[in-house]
Each structure stands twice: as C-alpha cells, then as structure tokens.
Amino acid sequence: MRLVFGLVLLAGIALAGFAVMMAQNYIGAYENALVNERKRAKSALSNVIPTQEIYIAKRAISYGETITADDVMLAAWPSDTLPEDFFDAENPLQSEGQEPRVALRALEKNEAIQAMEVSKPGQEAGLTALLNPGESAFAIRTDVASGVSGFLRPGDRVDVYWTGQARDEDGRRESLTKLIQSRMRLIAIDQKSQTDSTDTIKAETVTVAATREQVAILAQAQKTGLLSLSLLGSADDFALTDDAIEVNQETILGAVEQEAVVDPNCYIWKTVGGERLKLQIPCRD
C-alpha cells in the first residue's frame, strides 16, 4: 500500500512540475511575442512619423528650481516639430562633471526643454542668466502714458521710439519722434523676470537686453527726450535699417505754405545827430 501511495505521489509531483514548465514556456512565449509586436509597432510608427529623442521634463518644475538628472528623460519627439535649442544625447542637458542648471520659467510635465528656459550650468535664476554673450541689461523708465507698460511681459519684443527736440536743415529747433531701436527683448518688468506670469503690471521700469552700443544710444536718448515703447507681434520680423522712421509736425499736419508779405511802404536811412534813423517816404512807380 505504501508503495502504491509513493508511486502516486511521485506521479503527482511529476505532473505538477510538467504543468509548471508548460505554463512557464507559454508565458515566456507570450512575453516574447508581445515584445516583438511592440518592436514591430514602434518600427512601423517610426517609418510613418520620423522622430528624434530629446530631453523632456519628467515632472512639473517651478521657476528657479534646480534641475537634476532624475527630473528629465530622453523621449521620442516628431522630427518635423522639434523645438529650437533642444537638448539631446549629443547635446545633453547636463554633461558629466557639470553643475546643474536652474529653470528660468515654469516647465510642465512632458514639456520639451529648450536652452532659453534653463540657465547655463551653475548659474542662478537671475538677470545674468537671461543675457546672451555680449549683452547687458538696461532699464528704461516707463508709465501708462509712454507706451504699453500695462501689457508687457518678460520675453516680449518692443520697438523704442525717442521724442525730443532736434534741429532741421535750416537750423531751427523742431519736435521730432524717431524709431531708434527695433525688436529689443524684454527680460524684466520692474523687479520680475518670470516669463510665465499672466498678471497685468503697470510697470515703472522695463529692462531690455542690449549690446553696449545700444546701451549708449538708449542712455543718451533717455537723458535728452522721452522714450516710448511699442509692443510687437510674435511673428513680426521687422529690422531697423538705414531708412530711418521719424515724424515731425510737418509730417503730421503737412507742409504749411506761408504767403510772402509785401510791404507797400518805402524807406530811406538818414543820420540825424549821429543816430541812424529809418524814415518812410512815398514810393515811386
């Protein structure tokens, strides 16, 4: 009896082992088929829509927050819609040995990271991080009467107009308004440099990124007249050329023809007692 029980037990164990092995083989074959199908689907998708792997944010990142390697990842992005100045494997967001970067604006989860949105390695989230090589920050006084101060935000582009007194070709002083700088980039409104704010601010000063030559022009213009700002559209590509845009009173009202005044009287000069006098006399035909 014990022999029969032992044989049955061994047979049961053998059958159980065989069943487990069959199940493992089935599950393994299913997983392999699933992996192969995913590869085929990815390959087919890449043939339809060309992609390139770029760095995106794995989570929402706030302004001024340090970006670590755990906060970003490489993800496939359609090649036809790649953003400007993106980071990829050849141009990584943070190379080995580099100090971390800081977010210059709030980043959403799965958003592509661009160079303009992060600081240079080791820099803080201040105005210096928003300046390109060769640029300086210059503050322009403004108010609601001198332009569109209530609608400006960091990152906008503006034209700068100067209004003051100048001399015309005849040496006479006239009031003149002239476009002196075009498409200047705003980097701060009052003391705020965040580009993701939607609040309306009546700014007392705006700060622009300018070359040293532009700083000199703006400083002189601000000292000698009134500066006004004109907000440009995002698609505006106007560039300042040698054809100056300037307006004076004659441009607005048109040239005013002045009639010559003819004096019907005649005069002679005569010296009386050492004094030279202008005397009226009858005119001859």
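**Notebook: look-ups in a predicted model**

I began with N110, which has a relative accessible area of 41% and is therefore partly exposed. I located N110 in the loop between β4 (101-102) and β5. Its phi is near 70°, a positive value in a residue other than glycine. I noted for context that most residues other than glycine have a negative phi. The model is a predicted one, and I kept that in view for each entry below.

**Second positive phi**

I then turned to R183, where phi is near 55°, again a positive value in a residue other than glycine. R183 belongs to strand β7. I recorded R183 as partly exposed, because its relative accessible area is 26%.

**Confidence**

I looked up the pLDDT of the chain and found an average of 78. A score of at least 70 is reached by 74% of the residues. Among the elements, α2 has the highest mean pLDDT, 93, and strand β11 (residues 266-272) the lowest, 70. I reminded myself that where pLDDT is low, the predicted coordinates should not be read in detail.

**Nonpolar cores**

I examined the largest nonpolar core, which has 20 residues. Inside this core, I140, V160, V206 and L218 have the most contacts. At least two residues of the core come from each of β5 (136-141), β6 (157-167), β7, β8 (205-210), α2 (212-224) and β9 (226-231). I found that β7 supplies the largest share, 5 residues. Apart from this core lies another, of 11 residues, including Y55, I67, V72 and L107.

I listed the contacts of I140, leaving aside its neighbours within four places in sequence. I140 is in contact with V160, E204, T205, V206, V208, L218, Q222, L227 and L229.

**Largest pocket**

I read a volume of about 610 Å³ for the largest pocket. Its lining comprises 26 residues, and A115, M116, E117, L130 and R185 lie nearest the centre. I sorted the lining residues by class and obtained 12 nonpolar, 8 charged and 6 polar. Strand β7 (residues 173-189) gives the most to this lining, with 3 residues.

**D71**

I asked where D71 lies and placed D71 in the loop between β2 (66-67) and β3 (72-78). Is D71 buried or exposed? D71 counts as buried, because its relative accessibility is 7%, and the cut-off for buried is under 20%. With neighbours within four places in sequence left aside, I found D71 in contact with I56, A57, K58, R59, I61 and T66.

**Q94**

I placed Q94 in the loop between β3 and β4. Its relative accessible area is 32%, so I entered Q94 as partly exposed. Beyond its neighbours within four places in sequence, Q94 is in contact with I67, A69, E99 and P100. I also checked Q94 against K120: the two are 26 residues apart along the chain, and their C-alpha atoms are separated by 9.7 Å.

**T251**

I closed with T251, whose place is in helix α3 (residues 249-253). T251 is exposed, because its relative accessible area of 52% passes the cut-off of over 50%. How far apart are T251 and L176 in sequence and in space? I recorded 75 residues in sequence and 9.8 Å in space, C-alpha to C-alpha.

Key
Residues are numbered from 1 along each chain as its sequence is written. This is a predicted model: local features need pLDDT of at least 70, side-chain atom pairs count only at pLDDT 80 or more; totals for chains, interfaces and linings use all residues. Side-chain values use heavy atoms; hydrogens and water are left out. On a 1 Å grid over the protein atoms alone, a cavity is a set of points where a 1.4 Å probe fits but cannot get out, and a pocket is an open set with protein on both sides within 12 Å along at least five of seven lines; lining residues have an atom within 4 Å of a point. Grid points are joined across faces, edges and corners, and a volume is the space filled by probe spheres set on the points. Helices (H or I, at least four residues) and strands (E, at least two) are DSSP runs, numbered from the N terminus. Ala, Val, Leu, Ile, Met, Phe, Trp, Tyr, Cys and Pro count as nonpolar, Asp, Glu, Lys and Arg as charged, and the others, Gly among them, as polar. Buried means under 20% relative accessible area, exposed over 50%, partly exposed in between (1.4 Å probe, protein chains only). Contact means heavy atoms within 4.5 Å. A nonpolar core is a set of buried Ala, Val, Leu, Ile, Met, Phe, Trp, Tyr and Cys residues joined through side-chain atoms within 4.5 Å. pLDDT is the predictor's confidence in each residue, from 0 to 100.
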